[in-house]
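Here is a short tour of a few packing and charge-pairing details. Take a look at the sequence and the structure first, then read on.

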Amino acid sequence: MHAELLYQRGRPPRARYIFKHALIQDAAYASLLKSTRQQVHQQVAQVLEAHFPALVETQPELVAQHYTAAGYAEQAVVYWQRAGQQASDRSAHLEAISHVTTGIELLTTLPETPTRTQHALALHIALGAALLMTKGHAAPEVEQAYTQAYTLCQQVGETPELVPVLFGLWRFYISRPQYHTARELGETLLHLAQRADDPALTVIAHYALGVTWCMLGTLPAARQHLEAGIARYTPDQRRALVFRMGHDLGVGCRVHAAQTLWLLGYPEQALTRLHEALALAHELSHPYSLAFARCWAAYVSQLRQDVPTVHEQAEAAVALATAQGSQPWAAWGASLRGWALAMQEQGEEGLEQVRQGLAAWRATGAAVLVPYLCTVQADVCGHLGHLEDGLQALAEAHTLVEQHDERYWEAEVCRLRGVLLLRQPGTPQAEAAAAGQTSGSL
C-alpha cells in the first residue's frame, strides 16, 4: 500500500484492492509457486460457492476459471457447462462456444467414468447448438459435435438426450442437403415422440418431417405435419433444452407452413401464418428466432412481389443476424435486400448484393435453398437485361434440383427459364414454351 502498488477502494470490511497496473499484478502472480497459486484459486472458488451464491448463479464462468486454475477439472467442467448454457440463453453464442469448448478440453484430463460421459454428452450438445446458430446448420463443425454426441448416447444407453442429438443431425442433413437421410431422422424422432407421449417432442418431429417433405416437393404431407406441429405447440415448451437449439419451433412451423401454403396456391392463408410467426417471434424476445422469421417474411414477400416489404424485412434480418453473429441469416437477408434494391432502380448494386449473399450462404456449407437463390439472381438479371447471366443461374438451379431432389422449386426454375428465353432474341417461341412446360406439372 505504502509503495502505491495497490489502491484501496471503499472501506473495510467491504474494501476492494486494485493493482496499480496489470503488469504488477502479473508479476506478483508469477512470483507464487504453482502449488501456492493452485491453492489460492481453490480457496477462492470455495469461498465463492460458500458465501456468494448469487454471484455463482450469475457468473458461473468465474468459479470455472478458479477451479480450472486450481487443477480441479471435475468441478470446473460443471461450471463451464453452466456458463455455456447461460451464454446461449442470452444469445451470446460465441461466448457459449468458448465456455463449452474449455469444458470439453478439460474432460480429456479425467478418467473415463459414467459421469464423465454424461458431462461430455451435455457439452457436445451445447456446442452443436451454439455452432449452428453462428456458423450455420451445414457447418462441418456442427456435424462433428452432434456425431460425437450420438456416439456418447450409444455409450450411455437409453437417454432423453438422444432427441436433441438426432434433431441436431437433422438440421445438418437438411441443410447440406441430404433430404432422404433427413426424412429418416424425422421419422425416428416421430417414433420416439409417440413412444414417450410427449407433445414437445411431437412438435419437433412434425417440424422436421414438414420441412423435409416441403423441400422434396410433397406439399400436402408437408402441410399436414406443419399444421400438426402448430396444433401441439405451446410457448412454455421454450424452456425445454431442445427448444433452445436454434429458432423457436412454433415460429419455425408457422413460417414453413406459410411457405407450403403459398406453393399450394393459398396466398392469404400463407400471409396469415407468416404474420403469426412474426408476432410470436416478437413475443418471445428471442433475437435468433426473430432474424429467422424476418428472413422468411422477406422470402414470402418476394414470392408476392411485395418489394417494400421485402426490403424492410431483409434489412431488419441483416441487422439482427449481424448483431448475433449469425452468418447464414445475414447472407440470406443480404440476397433478398439486393433483389429489393434492384427492383427499386438500384439494379447493379442490388445484383451485387444478391451475388454476395448467395456466395456467403454457400460459404456456410449450405446447399439447401440455393436453387431458390439462383432464381432470385436470375430474376434480377432478367430485370436488368442480362439474359445470358440469368439463364446460366437457372441452369445451375436446375442441376441442383436434380442432384438433391429439391423438387418444391422445380416448377419456378422452369417457368422463369421460359420467361427469359422468350425475351432472348432468336429463341423460337415453341422452345421457350417447352422450357416452361414443367411448371404446370406440379
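## S88 and its surroundings

S88 counts as buried, because its relative accessibility is 15% and the limit for that class is under 20%. Do keep in mind that the model is predicted. S88 belongs to helix 5, which covers residues 73-89. Once neighbours within four places in sequence are set aside, the contacts of S88 are H93, A96 and A130.

Those partners lead straight on to another pair of helices. H93 and A96 are among the residues that helix 6 brings to its contact with helix 7, and A130 is among those that helix 7 brings.

## Helix 6 against helix 7

Two packed helices are described by the angle between their axes and the distance between the axes. For helix 6 (residues 93-107) and helix 7 (residues 114-134), the axes come within 9 Å and cross at roughly 155 degrees. Helix 6 and helix 7 are therefore roughly antiparallel to each other, since angles over 145 degrees fall in that class. The crossing of helix 6 past helix 7 is left-handed.

Which residues make the contact? From helix 6 come H93, L94, A96, I97, V100, T101, G103, I104 and L107, while helix 7 supplies R116, H119, A120, L123, H124, A126, L127, A130, L131, M133 and T134. Sorted by character, the residues of this contact are 13 nonpolar, 6 polar and 1 charged.

## A closer look at L127

L127 is a good residue to click on here. L127 sits in helix 7, and is L127 buried or exposed? With a relative accessible area of 12%, L127 is buried.

Neighbours within four places in sequence aside, L127 is in contact with I97, V100, T101, I104 and A145. Of these, I97, V100, T101 and I104 are listed for helix 6 in the contact between the two helices. L127 and A96 are 31 residues apart along the chain, and their C-alpha atoms are separated by 7.6 Å.

## Salt bridges

Now for the charged side chains. Side chains of opposite charge can pair when their charged atoms come close. How many salt bridges does the model hold? The count comes to 14.

One of them joins R183 and E187, whose closest N and O atoms are 3.4 Å apart. R183 and E187 are separated by about one helical turn, because they are 4 residues apart in helix 10 (residues 179-196). E187 is partly exposed, and its relative accessible area is 39%.

## The network around R273

R273 forms a salt bridge with E227, and here the closest N and O atoms are 2.5 Å apart. R273 lies in helix 14 (residues 267-284) and E227 in helix 12 (residues 219-232), so this pair ties together parts that are 46 residues apart in sequence. R273 counts as buried at 17% relative accessibility, whereas E227 is partly exposed with a relative accessible area of 23%.

R273 also meets E276 in a salt bridge, at 2.6 Å from N to O. Both E276 and R273 lie in helix 14, 3 residues apart, which is about one turn of the helix. E276 counts as partly exposed, at 30% relative accessibility. To see the wider arrangement, display E227, R254, R273 and E276 together: these four residues are linked in a network of salt bridges.

Terms used. Residues numbered from 1 in each chain as written. Predicted model: local features only at pLDDT ≥ 70, side-chain atom pairs only at ≥ 80, totals over all residues. Heavy atoms only, no water. Axes fitted to C-alpha atoms, helices over the stretch in contact; angles between N-to-C directions. Parallel < 35°, antiparallel > 145°, perpendicular 65-115°, else oblique. Left-handed = near helix turned anticlockwise from the far one by under 90°. Contact = heavy atoms within 4.5 Å. Nonpolar A, V, L, I, M, F, W, Y, C, P; charged D, E, K, R; others polar. Buried < 20%, exposed > 50% of the residue type's maximum accessible area, 1.4 Å probe, protein only. Salt bridge = Lys/Arg side-chain N within 4 Å of Asp/Glu carboxyl O.
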